[in-house]
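The following exercises concern strand pairing and disulfide bonding. Each task is followed by a solution in steps.

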Amino acid sequence: TGVFSYPPLKTGQTTMYALGDNGTNQTGVARGYTDNGDGTVTDTATGLVWQKCSQGQNNDATCTGAATTANWTDAGSYCTGLSLAGKTWRLPSRQELETLLDYSISSPAISTTHFPNTAADGYWSSTTYAPVTTDAWFVDFSIGDVLYEDRDSDYKVRCVSGPSKEYSSNFTDNGDGTVKDNATGLVWQKCSQGQTNDANCTGTASNSKWLEAISYCSSLTLAGKTWRLPNLNELMTILDITKSSAPTINTAAFPNTVANFYWSSTTSPFTADAWYVFFDNGAVNSIEKISTFYVRCVSGP
């Protein structure tokens, strides 16, 4: 179907930095990997099969050698031409590549038990940047940033095999200020903090520091549900990076969304910082928790 049939993966964070944060709420599907002993690793949560080692490394137990870089076009050609374990390979989409990130660690932000010698560097995705299609998205495995760059730039490469795994817009407006995502099972606050919970989310969204955002969501009384600030993997599921104009979200489901930064409940490995999603263009980054950003709460699944 091209739609995930389970909630988002766990972020990897287990430490609680504030009551009600990602460390408190251990939501999401547990991660798991199987080393197939043939230069490939199966992600038991997504079903995707990954190249264990990066382009340029030896496909041995510890991925010896140095990872090489390629521009976006050459990265795609490398993956489609890869002969490994009798499988058909491709350059992973942005959403697929994000599933490898472990936000509890850095340099690199990935399980080095299963993906040894991974470079703490950017890795190309196959997903072009919709507003400027000469650019494409990459994931920085130094810490977990998701950014875009000119496709002539050089980044590392890791290929994937298996049916495409993508979230898609599949929302139901419950008519009570909430929206259900039928792909993930999560229920979202339709409007941003500060707006009126009406059909069009009238009013001006307000912003909060990270601790204030957690407190707001934990205290929210809406539709008889228990609410929390979404973790980073959850918040990324409502991005619509196919849009060529801001905001990068389905505005029929989430009207009047601010094309700006929204807090997640996930702390960065630099623990004074937390992760946010930029609903102007879809980028993901982290910043000091004392910054003031916008808020949308989640419930479930």
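**Exercise 1. A cysteine and its partner**

Task: Determine whether Cys-297 is buried or exposed, then identify the cysteine bonded to Cys-297 and describe the link.

Solution.
Step 1. In this predicted model, the relative accessibility of Cys-297 is 0%, and Cys-297 therefore counts as buried.
Step 2. The partner is Cys-217, with an S to S distance of 2.1 Å; this lies within the 2.5 Å cut-off for a disulfide.
Step 3. The S-S torsion of Cys-217 and Cys-297 is about -85 degrees, so the disulfide is left-handed.
Step 4. Cys-217 belongs to helix H3 (residues 210–219), whereas Cys-297 sits in the loop between strand S15 (293–294) and strand S16 (298–299); the pair therefore ties together parts that are 80 residues apart in sequence.
Step 5. Cys-217 also has 0% relative accessibility and so counts as buried.

**Exercise 2. A link from helix H1**

Task: Characterise the disulfide that joins Cys-79 to Cys-159.

Solution.
Step 1. The sulfur atoms of Cys-79 and Cys-159 are 2.1 Å apart.
Step 2. About their S-S bond the torsion is about -85 degrees, so this disulfide is left-handed.
Step 3. Because Cys-79 lies in helix H1 and Cys-159 in the loop between strand S6 (146–150) and S7, the pair ties together parts that are 80 residues apart in sequence.
Step 4. Cys-79 is buried, because its relative accessibility is 0%; Cys-159 is likewise buried, with a relative accessible area of 0%.

**Exercise 3. A link within one loop**

Task: Locate Cys-53 and Cys-63, and state what their disulfide ties together.

Solution.
Step 1. A disulfide with an S to S distance of 2.1 Å joins Cys-53 to Cys-63.
Step 2. Both cysteines lie in the loop between S3 and helix H1 (72–80), so the pair ties together parts that are 10 residues apart in sequence.
Step 3. The link of Cys-53 and Cys-63 is left-handed, at -75 degrees about the S-S bond, and both residues are buried.
Step 4. The whole structure contains four disulfides, and the bonded cysteines, numbered in sequence order, pair as 1-2, 3-4, 5-6, 7-8.

**Exercise 4. An open sheet**

Task: In what order do the four strands of the open sheet lie, and which are the edge strands?

Solution.
Step 1. The order is S1-S2-S3-S7, with antiparallel pairing.
Step 2. Strand S1 (33–35) and strand S7 (160–161) each pair on one side only and are the edge strands.
Step 3. Strand S2 (residues 40–43) pairs with strand S3 (residues 49–51) over three bridges, in the antiparallel sense.
Step 4. Opposite Trp-50 in S3 stands Val-41.

How values were computed
Residues numbered from 1 in each chain as written. Predicted model: local features only at pLDDT ≥ 70, side-chain atom pairs only at ≥ 80, totals over all residues. Heavy atoms only, no water. Pairing = 2+ DSSP bridges. Helix = DSSP H or I, 4+ residues; strand = E, 2+ residues; numbered from the N terminus. Buried < 20%, exposed > 50% of the residue type's maximum accessible area, 1.4 Å probe, protein only.
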